[in-house]
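Biologist: I am new to this structure, and I would like to learn how to read some of its features. Could we go through them together, step by step?

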Amino acid sequence: MAPVDLVVAGTPGAAPEHVAGSRRAPAASADSSDRPRAVHLAAPSTRGIVRMVLLLVVSAVALYLLWRVRSVVRLIGISLFLALALIPVVDAIDRRVRMHRAAIILGVYVVLLAAVAVVGAVVVPSMVKEIGQLSHDAPRYAHELRQNGTFRHYDDRYHISAKLVTDARGLPHALGHLVGPLKDVTVSAFSLVGQLVTVLALAFLLILHGREYVNAGLSLTGDREERYRHLIIDVNRAVSKYVLGNIIISLLATLATWIVLSILGVPYALSLGLVVGFFDLLPLVGATLGAIFVALATLPVSFPVATIVWIAFIIVWQRIEDYIVQPVVYGRALNVNPIVTIVAVLVGASLLGILGALIAIPTAAAIQIVLVDWWQRRRAGSREPAQDRPSATTLADAR
């Protein structure tokens with residue numbers, strides 16, 4: 001394919017000029033802006049075409065292999081997230097206790113597994129008993145509701161009490177769906193015991209030797225080592241702050257729920273508080289799901305006073321949590337756009353279920369940190385002063 005000369009519009013009647021051709025005379029440079037210029041379009045070289053084809057083939061093969069080993073990649077991602085979450089805890093203990101780091105990590109593992117076992121042993125039986133009692137007493141609650149004239153007027157028209165009784169009798173069957181998230185995180189997230197052991201082993205090695213792995217990788221980056229080091233520190237800080245902050249907020253929600261339900265005289269107040277704390281770990285909708293479940297548990301106590309008090313408390317608590325607790329705990333480490341947060345949670349939930357929703361926000365925060373750093377570097381590189389840049393005329397004259 002032969003090169004093509006395109007004439008750029010200029011002064012009518014002027015002769016075309018080849019930019020890559022002859023050198024202009026100094027006398028004609030004054031009105032050079034009025035003359036049309038020819039743009040030289042060259043055919044792509046064979047080497048460039050081969051390079052592009054190879055790049056497409058290598059990318060396709062890499063994506064295919066990544067898809068084939070997606071389960072392994074998922075386990076590595078979960079292990080990395082768990083390691084980033086536990087590193088600050090292990091470091092804090094390591095600074096205060098004279099003990100080998102491996103022993104500290106094993107101790108943290110034992111505490112976590114014991115906490116999961118306690119939650120499973122305390123919460124699940126109380127949930128089963130509470131829902132069974134609610135289902136048994138549903139007709140009595142419907143009868144008490146009909147004592148109210150206003151409610152009876154609408155009930156005769158829309159049959160509200162009958163629907164409530166039917167739904168309440170189906171609660172024991174729906175119990176499996178209500179405790180599904182707990183099962184997802186404690187058991188089904190890893191499917192098999194072997195996968196759980198794999199995740200814990202990988203996280204153990206990352207916590208124990210993570211800094212050595214990072215330093216070895218950074219040593220290969222040459223002049224960009226310092227930039228990437230700061231980037232990794234920022235990502236680690238953001239993920240750690242989110243995980244620890246989320247746990248602290250859930251513990252506060254558990255404590256507040258336990259106190260309020262104990263004052264109201266609701267049975268299994270501590271178990272219900274743990275349920276609220278667990279659901280509070282889930283972003284966006286977790287606190288609402290936990291509040292609805294506890295509202296059902298307040299019905300047998302003193303309807304509707306206990307239920308109204310609980311609903312008022314949870315509304316106030318959500319405002320306190322959103323505007324006071326979260327800013328204090330998280331600080332500015334997770335300044336993620338709300339739209340990005342919603343999309344990240346939806347994508348994470350679709351990929352990994354409840355576990356994906358849990359790690360969606362810190363993952364989005366990490367990606368945002370990387371993109372912001374890239375954009376700032378790009379803008380800084382494009383802000384070169386105009387006087388330091390060679391002009392088009394200088395380039396032409398240099399040739």
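Modeller: What follows goes from the overall make-up to aromatic rings, a charge over a ring and a pair of helices, and please keep in mind that this is a predicted model.

Biologist: How many helices and strands are there in the protein, and what share of the residues is buried?

Modeller: The protein has 15 helices and 2 strands, and of its 399 residues, 31% are buried. Among the contacts in the protein with a separation of 6 or more, 67% are between residues 24 or more positions apart.

Biologist: How is a pair of aromatic rings described?

Modeller: Two values are used for a pair of aromatic rings, namely the distance of the centres and the angle of the planes. In this structure the count comes to 4 aromatic pairs. One of them joins Trp-310 and Phe-313, where the ring centres are 5.5 Å apart and the planes stand at 40 degrees, so this pair is tilted.

Biologist: Where do Trp-310 and Phe-313 sit along the chain, and are they buried or exposed?

Modeller: Both belong to helix H13, which covers residues 305-330, and because they are 3 residues apart there, about one helical turn separates Trp-310 from Phe-313. Trp-310 and Phe-313 are each buried.

Biologist: Which kind of pair do Phe-313 and Trp-317 form?

Modeller: Phe-313 and Trp-317 are stacked, with 6.4 Å from centre to centre and 20 degrees between the planes. These two residues also lie in helix H13, 4 residues apart, which is about one turn of the helix, and both Phe-313 and Trp-317 are buried. Taken together, Trp-310, Phe-313 and Trp-317 make up one aromatic cluster.

Biologist: Which residue lies over the face of Trp-67?

Modeller: That residue is Arg-70, placed over the face of Trp-67 at 4.0 Å from the ring centre.

Biologist: Let us turn to helix packing: at what angle do helix H10 and helix H14 pack, and what does that say about their directions?

Modeller: Helix H10 (residues 225-264) packs with helix H14 (residues 338-381) at an angle of about 155 degrees, and their axes are 9 Å apart. Since angles over 145 degrees count as roughly antiparallel, H10 and H14 are therefore roughly antiparallel to each other. The crossing in which H10 passes H14 is right-handed.

Biologist: Which residues meet where H10 and H14 come together?

Modeller: On the H10 side, the residues include Arg-227, Leu-231, Asp-234 and Tyr-242, while those they meet in H14 include Leu-358, Pro-362, Asp-373, Trp-374 and Arg-377.

Technical notes. Residues numbered from 1 in each chain as written. Predicted model: local features only at pLDDT ≥ 70, side-chain atom pairs only at ≥ 80, totals over all residues. Heavy atoms only, no water. Phe/Tyr/Trp six-rings, centres within 6.5 Å; stacked < 30°, edge-to-face > 60°. Buried < 20%, exposed > 50% of the residue type's maximum accessible area, 1.4 Å probe, protein only. Lys NZ or Arg CZ within 6 Å of the ring centre and 35° of its normal. Axes fitted to C-alpha atoms, helices over the stretch in contact; angles between N-to-C directions. Parallel < 35°, antiparallel > 145°, perpendicular 65-115°, else oblique. Left-handed = near helix turned anticlockwise from the far one by under 90°. Contact = heavy atoms within 4.5 Å.
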